[in-house]
Amino acid sequence: MFIPINQPLDLASTLLGGQAFRWRGNGVWHDGVVFDNLVRMRQRPTGIEFRSTPDDEAYLEPLVRDYLGLGDDLERIYASLAGDGRLKQAIARHRGLRILRQDPWECLVSFICSSASNIPRITGNIESLCAAFGRPLGTSDGGRSAFPT
């Protein structure tokens, strides 16, 4: 499925920059788990292409839009923050970085696991937690599991 976007988006920085720890990227495609669905997505010049399982892409599309904060008008937000010199520099350096709207429980546990650690270690810890206590999501993806309830 394709989601057209006419606002700034840096998908790789958004998914792999330390907000969430269920994403793996190979430079083009990003594989992760969003609301108990295996999701594969990549950024295209005019939007995002994604695939999902077990739920159909048409069902998951509004959830992906919300998860990525695509309803937020970043240009308007940038304009409102441009008066602060530090924020203006940060915006220029990280243009298109969006705040993910993760499942609150997963976000809380990930935050607790992040104490005095680094992104690769947190990612491994979260995946181990999901493998041990989460519901299996499929076999073709290397045996990933949902975040435990």
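A disulfide is a pair of cysteine sulfur atoms within 2.5 Å, and by that rule the count in this structure, which is a predicted model, comes to zero.

**Stop 1: the cysteines**

Select Cys 107, which takes part in no disulfide, the nearest cysteine sulfur being that of Cys 113 at 12 Å. Cys 107 counts as partly exposed, at 35% relative accessibility. Move next to Cys 113, whose sulfur has its closest cysteine sulfur in Cys 130, 9.6 Å away and therefore too far for a bond. Cys 113 also counts as partly exposed, with a relative accessibility of 26%.

**Stop 2: a nonpolar patch**

Now select Trp 105, Leu 108, Phe 111 and Ile 112 together and show them as a surface; these residues make a nonpolar surface patch of about 470 Å². Within this selection, centre on Phe 111, which is found in helix α5, residues 104-113. Is Phe 111 buried or exposed? Phe 111 is exposed, its relative accessible area being 62%.

**Stop 3: the largest pocket**

The next selection concerns empty space rather than a single side chain. The largest pocket has a volume of about 290 Å³, and of the 13 residues that line this pocket, those closest to its centre are Leu 74, Ile 77, Tyr 78, Leu 97 and Ile 99. If you colour by secondary structure, the elements giving two or more residues to the lining are α3 (74-81) and α4 (85-93). Which element supplies the largest share of the lining of the largest pocket? That share, four residues, comes from α3.

**Stop 4: backbone geometry**

Most residues other than glycine have a negative phi, and most peptide bonds are trans. With that in mind, show the backbone from Thr 53 to Pro 54, where the peptide bond is cis and omega is near 10°. Pro 54 is found in the loop that runs between β5 (47-53) and α2 (57-67).

Go on to Phe 35, in the loop between β3 (30-34) and β4 (37-44), where phi is near 45°, a positive value in a residue other than glycine. The side chain can be inspected in the same view, since Phe 35 is partly exposed, with a relative accessible area of 35%. Asp 36 is placed in the loop between β3 and β4 as well, and its phi, near 65°, is again a positive value in a residue other than glycine. Keep Asp 36 selected, for its side chain leads to the next stop.

**Stop 5: salt bridges**

Side chains of opposite charge can pair when their charged atoms come close. How many salt bridges does a search of the whole structure find? The search finds twelve, and a few of them are worth visiting in turn.

Starting from Asp 36, add Arg 135: the two side chains meet in a salt bridge, at 3.5 Å from N to O. Arg 135 lies in the segment after α6 (119-133) and Asp 36 in the loop between β3 and β4, so the pair ties together parts that are 99 residues apart in sequence. Both partners are in the intermediate range of accessibility, Arg 135 being partly exposed with a relative accessible area of 44% and Asp 36 counting as partly exposed at 32%.

Select Arg 101 next, together with Asp 66, and look for the salt bridge in which their side chains meet, at 3.7 Å from N to O. This pair links distant parts of the chain, with Arg 101 in the loop between α4 and α5 and Asp 66 in helix α2, 35 residues apart. Arg 101 counts as partly exposed at 32% relative accessibility, and Asp 66 is partly exposed, with a relative accessible area of 40%.

Keep Arg 101 in view and add Asp 72, since the side chains of Asp 72 and Arg 101 also meet in a salt bridge, at 3.0 Å from N to O. Here again distant parts of the chain are linked, Asp 72 lying in the loop between α2 and α3 and Arg 101 in the loop between α4 and α5, 29 residues apart. Asp 72 counts as partly exposed, at 27% relative accessibility.

For the last selection, take Arg 22, Arg 24, Glu 127 and Arg 144 together, which are linked in a network of salt bridges.

How values were computed:
Residues are numbered from 1 along each chain as its sequence is written. This is a predicted model: local features need pLDDT of at least 70, side-chain atom pairs count only at pLDDT 80 or more; totals for chains, interfaces and linings use all residues. Side-chain values use heavy atoms; hydrogens and water are left out. Buried means under 20% relative accessible area, exposed over 50%, partly exposed in between (1.4 Å probe, protein chains only). Patches are made of residues with over 30% relative accessible area and no salt bridge: like charges are joined within 9 Å, nonpolar side chains (Val, Leu, Ile, Met, Phe, Trp, Tyr) within 5 Å. Accessible areas come from the Shrake-Rupley method with a 1.4 Å probe; for residues, only the protein chains shown count as cover. A salt bridge is a side-chain nitrogen of Lys or Arg within 4 Å of a carboxyl oxygen of Asp or Glu. On a 1 Å grid over the protein atoms alone, a cavity is a set of points where a 1.4 Å probe fits but cannot get out, and a pocket is an open set with protein on both sides within 12 Å along at least five of seven lines; lining residues have an atom within 4 Å of a point. Grid points are joined across faces, edges and corners, and a volume is the space filled by probe spheres set on the points.
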